[in-house]
Each structure stands twice: as structure tokens, then as C-alpha cells.
Amino acid sequence: MSSDQNSRLTKATMDIMKKLLGADTLDQALSESLSSIVGFLDSEAGILWFLDKKTGRLFPVCHSGPDDISGVSIQADSGLEGVVISTGKPVRIEDASQDPRFEGTVFDSQSFKTSSMMLVPLTGGEGPIGLIEVINKKDGALYTEDDLTITSRMAAVAAMTIEEKGLIVDTGEEKNVLISLREVTKEYPSGDTVLQVLKGINLDIYENEFVVVLGESGCGKSTMMNIIGGMDNLTSGTITIEGKDYSNPSDAELTMFRRQYLGFIFQQYNLMPNLTALENVQFIAEIAKDPIKAEDALAKVGLSERAGNYPAQLSGGQQQRVSIARALVKNPRVILADEPTAALDFASGQEVLKVIEDIVRNQGTTVVMVTHNVEIAKMANRVVNLRAGKIASIKWNLDPISAEEIVW
Ligand SMILES: Nc1ncnc2c1ncn2[C@@H]1O[C@H](COP(=O)(O)OP(=O)(O)OP(=O)(O)O)[C@@H](O)[C@H]1O
Ligand SMILES: [Mg+2]
């Protein structure tokens with residue numbers, strides 16, 4: 001670092017300290033400090049994440065950049081942020097296009113691409129309290145080791161000052177865990193070797209949330225759903241349902257679990273062609289443990305009028321809604337949906353999403369849904385990104401949009 005750069009850095013660092021110590025509101029101080037750092041590094045974007053130790057999540061307390069990311073929080077043990085929090089060491093992604101560790105940032109979209117980035121921990125007396133992320137130099141250059149030193153020094157001062165001021169980010173209520181996957185793996189024999197499809201999945205599914213699972217074709221989404229739903233067994237690891245171990249269930253346990261606990265919706269509607277819409281739903285109600293009335297389930301999906309129609313007399317979207325009614329009639333705690341809108345056009349897909357939204361928001365049911373459609377992910381409380389059999393990231397959406405606002 002040149003001596004000129006060094007004295008500029010000292011000045012900027014002092015400036016951050018003064019802003020933080022003297023500010024009326026800490027929010028404002030933090031965002032001004034972040035602006036100082038982003039400005040000093042002549043960068044396009046920056047985020048200051050705070051670790052909420054109670055929920056284990058990172059929240060963006062301020063950002064400067066192309067998008068409003070205030071609705072996004074992430075699990076503190078996922079992604080590069082997780083590496084920084086757990087090791088307390090900074091990470092520099094010099095060239096994002098070449099670096100296999102890079103998994104995208106919250107800013108990445110059609111109009112914004114991360115080319116270079118740095119993540120630096122904010123380290124307090126008892127370990128990391130958060131981190132600062134800076135993205136893309138405005139002149140297109142890549143971040144250097146010097147840049148990392150600069151950011152680390154600024155972050156050290158910021159962390160010290162923040163602790164001095166005693167900022168605590170508290171984001172709220174405890175969640176009730178329904179289903180828990182720990183180090184779940186799934187292998188298939190393939191000739192002389194084995195195909196590793198799931199490579200250690202750790203995921204909690206909470207009561208009354210909408211989880212969307214995204215990921216490329218073949219990354220293991222359906223496999224994970226089938227394991228959650230007890231339709232496939234795992235190779236190693238554990239799965240617990242409300243604390244009870246279901247890793248190696250007996251057939252009787254599995255049947256009970258599927259009857260009492262779960263509803264399924266698939267891409268194919270799987271309706272019985274020789275039964276009417278209502279009969280298709282009644283048929284499931286008869287084998288469920290604690291069903292609601294088939295008529296009520298059909299009403300919930302807006303199809304009371306079509307109760308007497310056979311599947312062939314219904315549109316794709318209507319058939320899918322019948323299959324949702326079949327899941328609903330069981331009165332399940334969790335509904336698993338694997339690409340329920342994939343075969344539908346936009347309007348029918350949106351109808352189906354409205355029903356799913358109602359299930360989550362008004363009936364308190366948990367829905368886990370696989371989709372290829374990133375627009376649908378905006379409706380979710382959490383978005384799980386699966387990549388090659390592992391969870392690449394989990395993002396929280398504090399302000400999910402409604403099905404009506406979705407366009408694709
Ligand atoms: N019964 C099986 N035997 C062998 N390999 C399997 C089996 N089921 C799935 N696989 C393999 O496991 C991998 C993951 O499959 P999976 O169906 O979970 O992917 P996916 O993420 O749901 O993909 P898509 O988006 O295309 O539905 C694939 O490589 C697939 O070929
Ligand atoms: Mg699939």
C-alpha cells in the first residue's frame with residue numbers, strides 16, 4: 001500500500017469511527033459507515049450483515065447497491081457468509097467467474113452481475129457479530145489483497161465502535177421445528193461405483209412456513225422431497241418429525257406418518273379418470289386419519305361447481321386444484337409440492353399458487369415446494385438453493401409477495 005493510500009485509509013477509518021460514535025441513530029451511522037467503505041473502495045455495492053445469535057440468521061442492516069435487499073436474511077451457516085462467520089476470517093473472491101466458491105449474491109440478477117467481491121467479518125469481543133460485503137469495483141478492476149487489508153481495517157474499527165454502542169439485532173420469535181434433516185445423504189448404486197445424489201443435507205422445516213426449493217435439474221430436489229415425504233429411504237443421516245426419529249421407519253410407522261402428517265402435490269395430477277372431482281377427493285378422505293369433508297376441500301380450491309366433472313372435463317389448472325384438494329382433505333401438517341405449476345400456463349399456475357398461498361397464510365399449514373421458477377420464490381418465507389446434492393444457500397424473505405403480484 002502506498003503511503004498516500006495509507007494516510008487516506010487512516011482518515012477514512014477515523015471518519016467511520018466518528019460517524020458511529022457521534023450518530024443520533026445507529027441505523028444512520030451504520031449506513032453512512034458502509035457508504036464510506038463502499039466509497040473508499042470505489043465499489044458498486046455493499047452490504048452490512050448483522051448476526052442474530054438467537055435465530056442464527058444474518059440480517060442486512062444496511063446496503064448500498066442496485067436493489068433493495070432489506071427483505072432478505074440468510075441462515076448464518078450457509079454460503080460464503082457462513083464461512084466468514086464460522087472462521088472469523090475474511091474471504092476475497094477475486095474473479096467470481098473463475099472461483100468455484102462463488103454462489104451468487106443477493107444483488108445478482110439480469111441487470112447486475114458480481115465480478116469481484118470481498119466478505120470481511122465484524123469481530124467483537126465474543127466472535128463475529130456480522131460481516132461486511134463489498135461487490136464490484138466501479139472501474140471493473142478486481143479486488144486485490146491490498147483492498148482486503150483496507151476493508152479489514154475499516155471493519156475492525158466499525159466492529160469495535162458498534163460493540164461500544166451496544167447494538168443488538170433481535171429479530172423475533174422462536175420457530176417451531178416440524179421436520180429436521182441432519183447430514184442426510186442418498187446414494188444409488190451405479191455400475192461398480194455409487195452415485196451420490198444428496199451429500200449431507202441439513203435443513204429444518206418450521207411450522208407454518210412456505211419453503212421454496214430451487215436448483216438445477218438433477219441436483220436432487222425430488223430426491224430430497226421424497227425422503228422428507230417418506231417415499232424414499234436415506235442412505236445415512238437422520239430425519240426427525242417433531243423430535244421423533246424417522247430415519248429407519250417401519251412400514252406401519254411410515255403409513256401412519258404419510259396419512260396423518262403429509263399431503264402431496266406433483267407435477268402430474270395423478271387423478272383417477274373414472275372418478276369425478278369430488279370422488280377423487282373422497283377416495284383420499286376415506287383412507288386419511290383425520291380428514292376434513294371432501295366438499296370443503298373442493299371449496300377451498302374453488303371447485304365446488306365442478307364437483308361432478310370427470311378429470312377429462314377439467315382444464316390442467318383445475319385438475320391440479322383437485323389434486324391440491326386431495327392433499328388438503330387429509331388435513332395435513334405439511335404439504336410437499338414438487339413442481340406443481342410446471343405443466344401449467346401462467347394463468348392456471350397463478351390460480352394454483354393462490355390456493356397454496358391461502359393454505360399457508362390462512363390455514364397455518366407448512367408448504368415445501370420445488371420449482372424451477374425464481375419468480376415463484378419471491379412468495380416464499382425461505383428459499384433453499386440446492387446445488388449438486390448440497391444446500392448452497394438458504395435465504396429468508398421477510399416480506400414475501402402474494403401470488404397475485406407474481407409475473408412470469
Ligand atoms: N432411482 C434412482 N436410481 C438411480 N439414480 C437416480 C434415481 N432417482 C434419481 N436418481 C438420480 O439422482 C439425481 C437427482 O435426481 P432428482 O430427481 O432428485 O433431481 P431433481 O433436482 O428433482 O431434477 P429435476 O429438476 O429435473 O426434477 C439425478 O442424477 C438422477 O438421475
Ligand atoms: Mg425433480
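## A guided reading of the fold, its two domains and the ligand shell

The secondary structure of the protein comes to 11 helices and 16 strands, and the coordinates belong to a predicted model, so far as the definition of that source goes. Taken along the principal axes, the C-alpha atoms fill a box of roughly 85 × 50 × 35 Å. Of the 408 residues in the protein, 44% are buried, and among contacts between residues at least 6 apart in sequence, 67% join residues at least 24 apart.

The chain is divided into domain 1, which covers 3–165, and domain 2, which covers 177–405, and the C-alpha centres of these two domains lie 37 Å apart. Where they meet, 9 residues of domain 1 are in contact with 9 residues of domain 2. On the side of domain 1 that touches domain 2, the largest share, 4 residues, comes from strand β3, residues 72–75, and by class the residues of that side divide into 2 nonpolar, 5 polar and 2 charged.

Within domain 1, strand β1, residues 43–52, is a useful place to begin. This strand is mostly covered, with 9 of its 10 residues buried, and it has pairing partners that can be followed one after the other. With strand β6, residues 127–137, β1 pairs in the antiparallel sense over 7 bridges, and Ser 43 has Lys 137 as its bridge partner in β6. With strand β2, residues 57–64, β1 also pairs in the antiparallel sense over 7 bridges, and here Gly 46 stands opposite Ser 64 in β2. The hairpin of β1 and β2 has 4 residues between the strands, and in this hairpin Gly 56 takes a positive phi near 65°.

Another sheet can be traced further along the chain. It is an open sheet formed by 4 strands in the order β8-β7-β10-β11, with antiparallel pairing. Because β8 and β11, the latter at 244–245, stand at the edges with a single partner strand each, one side of each is left without a neighbour in the sheet. At the β11 end, strand β10, residues 236–241, pairs with β11 in the antiparallel sense over 2 bridges, and Ile 241 has Lys 244 in β11 as its bridge partner. Strands of a sheet pair in general through backbone hydrogen bonds, in either a parallel or an antiparallel arrangement.

The edge strand β8 also leads to the ligand, since the elements that give two or more residues to the shell around ligand 1 are β8 (193–206) and α5 (221–228). The residues around ligand 1 are Tyr 188, Leu 195, Val 197, Gly 215, Ser 217, Gly 218, Cys 219, Gly 220, Lys 221, Ser 222 and Thr 223. Among the contributing elements, α5 gives the most to this shell, with 3 residues, and by class the shell has 4 nonpolar, 6 polar and 1 charged residues.

The largest nonpolar core has 116 residues, and those with the most contacts inside it are Val 212, Val 281, Ala 325 and Val 368. Both domain 1 (3–165) and domain 2 (177–405) give residues to this core, so it lies between them. Leaving aside its neighbours within four places in sequence, Val 212 is in contact with Met 369, Thr 371, Ile 376, Ala 377, Ala 380 and Val 383.

Technical notes:
Residues are numbered from 1 along each chain as its sequence is written. Chains are lettered from A and ligands numbered from 1 in the order in which they are written. This is a predicted model: local features need pLDDT of at least 70, side-chain atom pairs count only at pLDDT 80 or more; totals for chains, interfaces and linings use all residues. A residue is near a molecule or strand if its C-beta atom, placed from the backbone, lies within 6 Å of it. Ala, Val, Leu, Ile, Met, Phe, Trp, Tyr, Cys and Pro count as nonpolar, Asp, Glu, Lys and Arg as charged, and the others, Gly among them, as polar. Domain bounds come from an automatic or database domain assignment. Two residues are in contact if their C-beta atoms, placed from the backbone, lie within 7 Å. A residue is buried if 20 or more other C-beta atoms lie within 10 Å of its own, exposed if 12 or fewer, and partly exposed in between; C-beta atoms are placed from the backbone. Two strands pair if DSSP finds at least two bridges between them. A nonpolar core is a set of buried Ala, Val, Leu, Ile, Met, Phe, Trp, Tyr and Cys residues joined through C-beta atoms within 7 Å.
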